[in-house]
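User: Before we use this model for any modelling work, I would like to go through how its descriptive labels are reached. Could you set each value against the criterion behind the label?

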Amino acid sequence: MDITSILNQMTLEEKINQLMQLATPFFHGSMDRGEITGPMKAMDVSESAIIQAGSVLGASGAEQTISIQREHLKRNRLGIPLLFMSDIVHGYKTIFPVPLALGCSWNLNLAEECAEIAAKEAAVSGTHVTFAPMVDLVRDPRWGRVMESTGEDAYLNSEFAKAQVKGFQGDHLKDDPYRVASCVKHFAAYGAAEGGRDYNTVDLSPRELMESYVPAFQAAIDAGCEMVMAAFNIVDGVPATANEPLLKQLLREQMGFGGVLISDWGAVKELLPHGVAGDEADAARLAMQAGIDIEMMTTCYSNHLPTKVKEGTVEEHQLDEAVLRILRLKEKLGLFENPYRGADIEKEKEFVLSEKHRETAYDAAVQSIVLLKNKCHLLPLDLKRSLALIGPFIDSTDILGPWSWKGSPEDTVSVYDGIGKHCESTRLVSAEGSHIEKTSSSLLEDALKKAAHADTILLGLGEASKMSGEAGSRTNIQIPEAQMRLFREIQKLGKPIVVVLFNGRPLDLTEIEAGADAILEAWFPGTEGGNAIGDILFGQANPSGKLTMSFPNSVGQVPLYYNHFNTGRPKDAPDAQERYASQYLDSPNEPLFPFGYGLSYTSYRYDNIKSSSGTLCSGESITFSIDVTNTGNMAGTEIVQLYIQDLVGEVVRPVKELKDFQRVSLLPGETKRVSFTITEKHLRYVHADLSRSSDPGEFKTFIGTSSRDVSEVSFRLKKDVKESLQ
Ligand code: GLC
C-alpha cells in the first residue's frame with residue numbers, strides 16, 4: 001500500500017491523532033494495564049481520537065497485542081495498524097544483566113546477541129519497537145538511570161550502541177518478523193542532570209555536548225536505528241522536546257537522522273512546568289516546530305494541533321512529514337501486509353525463556369560480573385570448607401533490576417540456588433540477616449548464630465531494584481545502613497568474608513573494601529544470575545568483567561570519571577605544591593576502583609610494548625603491540641585496553657581516552673602479542689569551533705589492564721596532517 005495515498009485520504013484529525021501514543025489501558029481489547037513508566041493523570045482524550053491513534057505504549061503478550069490490533073482495525077476508518085512500543089531494555093522475559101553490567105563484559109557480540117534475543121521474544125509477543133538502547137553518557141552514580149547505560153566513555157558507549165541497534169533490528173526489519181525497530185534515547189545529555197537528580201537541569205557547553213554526549217547517538221543513527229526519543233531535560237536553556245536547534249539542526253540536518261522522533265513520557269505537556277509554554281496549545285506548537293513526531297502520553301497535539309493548523313501557526317506540511325515518517329515505519333515493519341507481524345501465541349510459548357535464551361543470559365551474567373577484590377585468593381571458594389550465606393539478597397529472586405517489567409522472579413535463579421548446586425547441604429547454612437533498608441534484631445541474631453559455625457561467610461548485599469532506575473536518584477550511594485550494620489557485626493566474628501553485591505550504580509564501597517576479603521560486583525545479573533554467581537564463586541567460571549564506570553571513594557568526589565582533564569595544577573605533577581594543587585583536603589582524587597578495572601582468578605603480565613613507528617603521518621597508520629601473558633594457573637579472558645593522550649591540543653585534552661580494546665583468551669602460561677592500529681582519524685576531537693580535527697604534536701599511547709594500570713609509549717603526529725585536512 002502506498003503511504004502517500006493513505007496520507008492523502010486522512011482527515012486533519014486523523015493525521016494529528018496518528019501522532020498520539022497512549023498506554024495500553026486506553027485501548028479496546030487490552031487485558032491488563034501493561035507497562036506504566038510515568039504519571040497517568042486524568043487525560044482529556046475522546047473515544048474518537050483513540051480510534052485514530054497511531055501507537056500503543058506498553059502492551060505485551062501475543063494475545064493482548066493481537067486483540068488490541070484486531071479491535072482497532074475494526075474501528076479505524078482507513079485500517080491503519082497500530083504500532084506497539086515498549087521498553088525492552090535488557091530482555092523481555094529472559095532477562096539479561098542491566099546495561100551497565102553488560103557494558104562490563106566489553107563484549108560487543110554478546111551485547112548484540114542479547115538484543116537479538118530480546119527482540120525475538122518481544123516480537124513474537126507483538127512488540128514492534130523497543131525504547132532502547134539508552135546511550136546516555138553517565139558520570140554521576142547518584143543518578144539512578146546510570147544502570148541503563150553502558151557507562152562513562154563515549155567511544156565504548158558508541159560501540160555498544162551500534163551492537164545493540166544491530167541486534168534489535170537485524171538487517172531487514174520487513175523480512176524478519178522477529179526483530180524490532182530500535183528507538184535510541186534520550187536525546188540529549190540526560191545523563192548530565194545536575195546533582196544526579198532525575199529530570200533535573202542540564203547545562204553543558206556545546207563542545208562538551210558534541211564531544212561526549214552526541215557520539216553514541218550518532219553511532220546508533222549510523223547503525224540505522226529507526227527512532228530517537230527526546231530527553232526530558234533542557235539543553236542550553238530549552239527543553240529538548242521544544243529545542244529546534246537540537247532536534248532539527250543537529251539531529252536531523254547534521255547527524256542525518258530521518259526516522260521517527262518521539263517525546264518522552266508526558267514531556268510535551270511538561271513544557272508548561274518547565275516554563276517555556278504558557279498552555280497546552282503552545283506546548284503542542286513548540287514540540288511540533290521542534291520536530292517531535294509522536295507525543296507520548298499527553299494529548300496536547302490531539303487537542304490543540306487542529307486549531308493551530310487551521311489558524312496557520314503550524315504548517316500542514318510539517319504535520320504531513322511527521323505522519324509520513326510514522327507510516328513509513330509501519331510500512332518498513334510490514335504492518336500494512338500483516339498488522340500482527342510476529343505476534344503468535346503458539347510460537348511465543350516456544351521462544352520465550354527457551355533453553356538457548358537462558359544460556360545466553362547465563363553467559364552474559366558471567367561476563368558482566370566484576371571481581372573487585374580477592375585477598376589471599378579466597379576465591380574460588382574451597383568446597384571442603386563450610387559456608388554461611390547471609391544477607392537479604394541470598395534467597396532473593398529480585399535480582400533482575402529496573403526495566404525488567406516482563407521478567408518474573410519465579411523464572412529467576414537465586415544466589416542460594418546457584419550456590420546450592422555446588423555445595424553439599426551439610427556445609428551450607430543461610431540467613432537473611434537484615435532487610436534491605438531496615439534492621440531486624442531477630443534476623444541479625446539468627447544470622448550471627450549461624451555464621452559463627454561456618455569457615456567462610458558470604459554476604460549478599462546491595463540495593464533493591466527500586467533504588468535505581470528512573471526516578472531512583474540517591475545522595476547516599478553506600479549500601480543501606482541496615483545492611484552495613486549486619487556487615488559490621490559479621491566482621492566481628494573474624495572469619496573470611498566474601499561480599500557479593502547487587503546494585504544498579506557504582507556504590508561507595510570504601511568501608512566494604514576495607515573489611516571484606518573478597519568482593520564480587522554482580523550488579524543486577526538477570527534471570528540466570530544465581531547460576532553465574534555460583535559458578536564464579538566455585539571457580540567453574542573465571543571472572544573477566546571490567547568496570548565501565550568509576551567507583552568513587554566517596555559521594556563527595558562525584559562526578560568522577562577517568563577521562564578528566566589535567567587542570568593547571570594537577571596534583572600528581574612533579575612540581576605540585578602541597579596545598580595549591582587541584583585536590584580534596586579529605587579524600588584522594590582517584591576513584592576506589594577505576595574505569596576498566598576488574599580482577600581475574602588468574603593474573604596477567606604485560607610487557608614489551610612497542611610501536612611500529614615514532615611518527616604518524618596523514619593517511620598512514622601506526623601499530624602498537626604488547627605481550628600479554630597468563631601468569632596464573634587458570635585459563636582466563638583479559639580485556640586489553642588502549643588509551644591515548646594528546647599532550648598539547650588547541651582545546652584541553654583528557655588525561656586518557658579509550659580508543660580500542662580486545663578480549664584475549666589465554667591458557668595458563670600462554671603469551672599472546674596483542675596489536676592495535678591507530679590512524680590520524682582516531683586522534684580527531686571536537687575543537688572550539690565544533691569542527692572535528694586532530695592536532696599535530698606529541699601523543700602518549702597506553703596499553704593495559706585498566707585505565708590506571710598501563711604501559712606507555714610516545715609518538716608524534718606529523719605537522720602537515722592538520723594543514724592537509726583544511
Ligand atoms: C519514561 C522514560 C523512557 C521510557 C518511557 C516509556 O519515563 O524516561 O526511558 O522509554 O518512559 O516507558
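**Labels and the values behind them**

Analyst: In this predicted model, A188 lies in the loop between β5 and α8 (206-213). The peptide bond that joins F187 to A188 is cis, with omega at about 0°.

User: What other residue has its place in the loop between β5 and α8, and what is noted about its phi?

Analyst: Y199 is placed in that loop between β5 and α8, and phi of Y199 is near 70°, which is a positive value in a residue other than glycine.

User: Which residues are joined by the cis peptide bond with omega of about -5°?

Analyst: That bond joins K185 and H186, and H186 is found in strand β5, which spans residues 181-187. H186 is also among the closest of the 13 residues that surround the ligand, together with T37, D87, R145 and D264.

User: What makes the approach of D87, R145 and D264 to the ligand count as polar contacts?

Analyst: The cut-off for a pair of N or O atoms is 3.5 Å. A polar side-chain atom of D87 lies 2.5 Å from an oxygen atom of the ligand, and for D264 the corresponding distance from a polar side-chain atom to a ligand oxygen is 2.5 Å. For R145, an N or O atom in the side chain is 2.7 Å from an oxygen atom of the ligand. Each of these pairs is therefore a polar contact, being within 3.5 Å.

User: Why are α18 and α19 called roughly parallel?

Analyst: Helix α18 (residues 441-451) and helix α19 (residues 481-491) pack at an angle of about 30°, with their axes 10 Å apart. Angles under 35 degrees count as roughly parallel, and α18 and α19 therefore receive that description. The contact is made by L444, A447, L448 and A451 on the α18 side and by L486, E489 and I490 on the α19 side.

User: How do the residues of the contact of α18 with α19 divide by class?

Analyst: They divide into six nonpolar, no polar and one charged; Glu counts as charged, so the charged residue is E489 of α19.

User: At what angle do helices α6 and α7 cross, and which residues make the contact?

Analyst: The axes of α6 (residues 108-124) and α7 (residues 154-169) come within 7 Å and cross at roughly 35°, and α6 passes α7 in a right-handed crossing. Contributing to the contact are residues including L108, A111 and E112 of α6 and E159, F160 and A163 of α7. By class, this contact of α6 with α7 has eight nonpolar, two polar and four charged residues.

Methods. Residues numbered from 1 in each chain as written. Predicted model: local features only at pLDDT ≥ 70, side-chain atom pairs only at ≥ 80, totals over all residues. Heavy atoms only, no water. Axes fitted to C-alpha atoms, helices over the stretch in contact; angles between N-to-C directions. Helix = DSSP H or I, 4+ residues; strand = E, 2+ residues; numbered from the N terminus. Parallel < 35°, antiparallel > 145°, perpendicular 65-115°, else oblique. Contact = heavy atoms within 4.5 Å. Near = heavy atom within 4 Å. Polar contact = N/O pair within 3.5 Å; in protein donor to acceptor, adjacent residues only side chain to side chain. Left-handed = near helix turned anticlockwise from the far one by under 90°.
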